[in-house]
Structures are given as structure tokens and as C-alpha cells.
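Welcome! Here are some exercises to work through with the model open beside you. Try each task before reading its solution.

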Amino acid sequence: MRALIYLRVSTDEQADRGLSIPAQQDACLKYAELKQWQVDPQKDIYTDAGESAKTVNRPALQELLSRCKKDREVNMIIVHKIDRLARNVGDYAAIRTILKKHEVQLASVVEPVDDSPTGHLLENIMASVAEFYSANLGQEVKKGMTQAVKKGRWPTGGPLGYINKQEPNGDRSLIKTIAVNPIHGLMIQKIFRLFATNKFTKVAIADELKKTGFKSRAGKYITPGNVTHILSNKFYMGMMKWGGHEMMGTHEPL
């Protein structure tokens, strides 16, 4: 029996060694060996790294499904867990419909699924559990971010001029916060100082920054459009906008 292996890890799972790509691949290959299924590590392994399962528009997954439609030798898809394929019931059902149409079965290394009615029931249950987990995780993350904002802390990536950091919370946990970037922070301050003289246009400010070698985090020179965006961003005044409301933050204004 010819089997293909599908591996996926999202960005927020990268630190979890149990879900890492190498760990999934090793488990899937051992499972295929145990079942005596043929897998060519060079051609039969499809990997989506840093991809969320909230959508089926993942490059490797689409390649795998395309091959299932064309390659009659493929009989089986192996995943480490069902939630590697999808984290909502609708997408999972769509994927399974494609596989069933082309007579390709699905095997999970850690879940007892098969082509029996009981196996299908378990698949649907696990797909529902994955959807619940994804939705609940998103809600909890949003709740945590909202609480951080209420305390004056910016919970996501700060704009140019700031760096994200973690600080002790007093209970052995860490809280996310931001601090002034020692290099880009100076650049932001220079933009405001030049503009405050009323002698520099935004084009002239961009030219001045280029002369001094200042660049963005992406390594590109600051454009007049960037200057406009920076000058109109109230974050640099110490303000935060979240959920349609403005409030003072605890970060250092630039």
C-alpha cells in the first residue's frame, strides 16, 4: 500500500516539541513501517510549517490533495493527529470527501480511526474537538489581550521604535510588554524633532534619515509615506487604541 504523510505545525506551536515537524515525521514513518506501508521520504512527505489549520489554503495540503486526485497508486494518508488536517468540521469534511472520492483512506498515528462506522464516528468527534479547541483558544487569547490593554500594556507587536519583551510578573510567570528600541527609538524621535522645526517636509525628513543610514526593521529606507504614518500614530504619544477605544498606555512615549 502506498501512503503519503502530511505534517503541519502552526507558528504558535513551534515551541512545542511534541508537535514539532521532526517529531511528527518520525512518528508517522514508524507507523508506516509498522503497517508495512510504502513511503518514499523524498517524495511522499508533505509539510506545512507555520501554517494554521483554520484554512485549507495551505500549499503542501493542496499539493497532497492534488496528488491524491491524480496518482492512483496512493491508497493512504498518514497524519500524526486529525487536527493536523483541519481544525473545523466543515474543512475536515471537505477534505475527507475528496479522499473518499479517490479511494484514499486516512490513518492517524495517535487516534484509533479506520474505515468502519465506528472509525468514522471517532473521526468526526476528534474533528469537533479540534474545532472547539481552536475556537476556545482564540477566545482565551483575545480575553488575555483585552485584560492586558485594560492594565495599559500593549499585548501585540509594537510599532517601529519599540521592541517586545517579557518581564517577571511576581508569581514566576512572565508578562508581555514593550520597551523602546535603542536604535529605532532614536530614529522615531529624530522624525518628530525634524518635523517640529517646521523646516522639513516629509520628503526632506525621509532624505535626512537616508543620509544617516536609518532603516526600518525590514532593512529598507524610510519613505515619505512612512514618515506620514509615524507622525500620525498616537502610539508615539503614549496612547493605545483597542476595540474602538483610546486609552493611555504604560509604554514610554517617543
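**Exercise 1. An exposed residue with an unusual backbone angle**

Task: Decide whether Gln36 is buried or exposed, and find where Gln36 sits in the chain.

Solution.
- Step 1: Gln36 has a relative accessibility of 70% and therefore counts as exposed, since the cut-off for that class is over 50%. Keep in mind that you are looking at a predicted model.
- Step 2: To place Gln36, look at the loop between α1 (21-35) and β2 (45-49).
- Step 3: Now check the backbone. Gln36 is not a glycine, yet its phi is positive, at about 60 degrees.

**Exercise 2. A second residue of this kind**

Task: Work out in which loop Asn198 lies, and say whether Asn198 is buried or exposed.

Solution.
- Step 1: The loop between α5 and α6 holds Asn198.
- Step 2: The relative accessibility of Asn198 is 73%, so Asn198 counts as exposed.
- Step 3: Asn198 also has a positive phi, near 65 degrees, in a residue other than glycine.
- Step 4: Phe200 is placed in the loop between α5 and α6 as well. With a relative accessible area of 27%, Phe200 is partly exposed.
- Step 5: Leaving out residues up to four places away in sequence, Phe200 touches Leu194, Phe195, Ile205 and Glu208.

**Exercise 3. The overall picture**

Task: Find how many helices and strands the protein chain has, and what share of its residues count as buried.

Solution.
- Step 1: Counting the elements gives seven helices and eight strands.
- Step 2: The protein chain has 254 residues, and 40% of them count as buried.
- Step 3: Take the contacts with a separation of 6 or more. Of these, 61% are between residues 24 or more positions apart.

**Exercise 4. The largest core**

Task: Identify which residues of the largest nonpolar core touch the most other members, and which element gives the most to this core.

Solution.
- Step 1: A general idea helps here: in soluble globular proteins, nonpolar side chains tend to be buried together.
- Step 2: The largest nonpolar core has 20 residues, and those touching the most other members are Tyr6, Leu64, Cys68, Ile77 and Leu85.
- Step 3: At least two residues of this core come from each of β1 (2-9), α2 (59-70), β3 (74-79) and α3 (89-101).
- Step 4: With five residues, α2 gives the most to this core.
- Step 5: Zoom in on Leu85. Residues up to four places away in sequence aside, Leu85 touches Tyr6, Arg58, Leu61, Val79, Tyr92, Ile95 and Leu106.
- Step 6: Another core lies apart from this one, with 19 residues that include Ile178, Leu194, Ile205 and Ala206.

**Exercise 5. Cysteines**

Task: State how many disulfides a search of the whole structure finds, then classify Cys28 and Cys68 by exposure.

Solution.
- Step 1: The search of the whole structure finds zero disulfides.
- Step 2: Cys28 has a relative accessible area of 0%, so Cys28 is buried.
- Step 3: Cys68 has a relative accessibility of 3% and therefore counts as buried.

**Exercise 6. Helices that meet**

Task: Describe how α6 and α7 cross, and which residues of α5 and α7 meet.

Solution.
- Step 1: The axes of α6 (residues 202-212) and α7 (residues 224-231) come within 8 Å, crossing at roughly 105 degrees.
- Step 2: The two helices α6 and α7 are therefore roughly perpendicular to each other, because that label covers angles of 65 to 115 degrees.
- Step 3: From α6, the contact uses Lys202, Val203, Ile205 and Ala206, while α7 brings Pro224, Val227, Thr228 and Leu231.
- Step 4: Sorted by class, this contact of α6 with α7 has six nonpolar, one polar and one charged residues.
- Step 5: Turn to α5 (residues 184-196) and α7, whose axes come within 11 Å and cross at roughly 90 degrees. So α5 is roughly perpendicular to α7.
- Step 6: Here Ile188, Ile191, Phe192 and Phe195 of α5 meet Val227, Ile230 and Leu231 of α7. The contact of α5 with α7 has seven nonpolar, no polar and no charged residues.

**Exercise 7. A close look at one alanine**

Task: Find which residues Ala206 is in contact with, leaving aside its neighbours within four places in sequence.

Solution.
- Step 1: Start in helix α6, where Ala206 lies.
- Step 2: Ala206 counts as buried because its relative accessibility is 5%.
- Step 3: With those sequence neighbours left aside, the contacts of Ala206 are Ile222, Thr223, Pro224 and Val227.
- Step 4: Asn226 is 20 residues from Ala206 along the chain, and their C-alpha atoms are separated by 8.4 Å.

Technical notes:
Residues are numbered from 1 along each chain as its sequence is written. This is a predicted model: local features need pLDDT of at least 70, side-chain atom pairs count only at pLDDT 80 or more; totals for chains, interfaces and linings use all residues. Side-chain values use heavy atoms; hydrogens and water are left out. A nonpolar core is a set of buried Ala, Val, Leu, Ile, Met, Phe, Trp, Tyr and Cys residues joined through side-chain atoms within 4.5 Å. Buried means under 20% relative accessible area, exposed over 50%, partly exposed in between (1.4 Å probe, protein chains only). Helices (H or I, at least four residues) and strands (E, at least two) are DSSP runs, numbered from the N terminus. Contact means heavy atoms within 4.5 Å. Axes are lines fitted to C-alpha atoms, for helices over the stretch in contact, and angles run from 0 to 180 degrees between N-to-C directions. Angles under 35 degrees count as roughly parallel, over 145 as roughly antiparallel, 65 to 115 as roughly perpendicular and the rest as oblique. Ala, Val, Leu, Ile, Met, Phe, Trp, Tyr, Cys and Pro count as nonpolar, Asp, Glu, Lys and Arg as charged, and the others, Gly among them, as polar. A disulfide is a pair of cysteine sulfur atoms within 2.5 Å.
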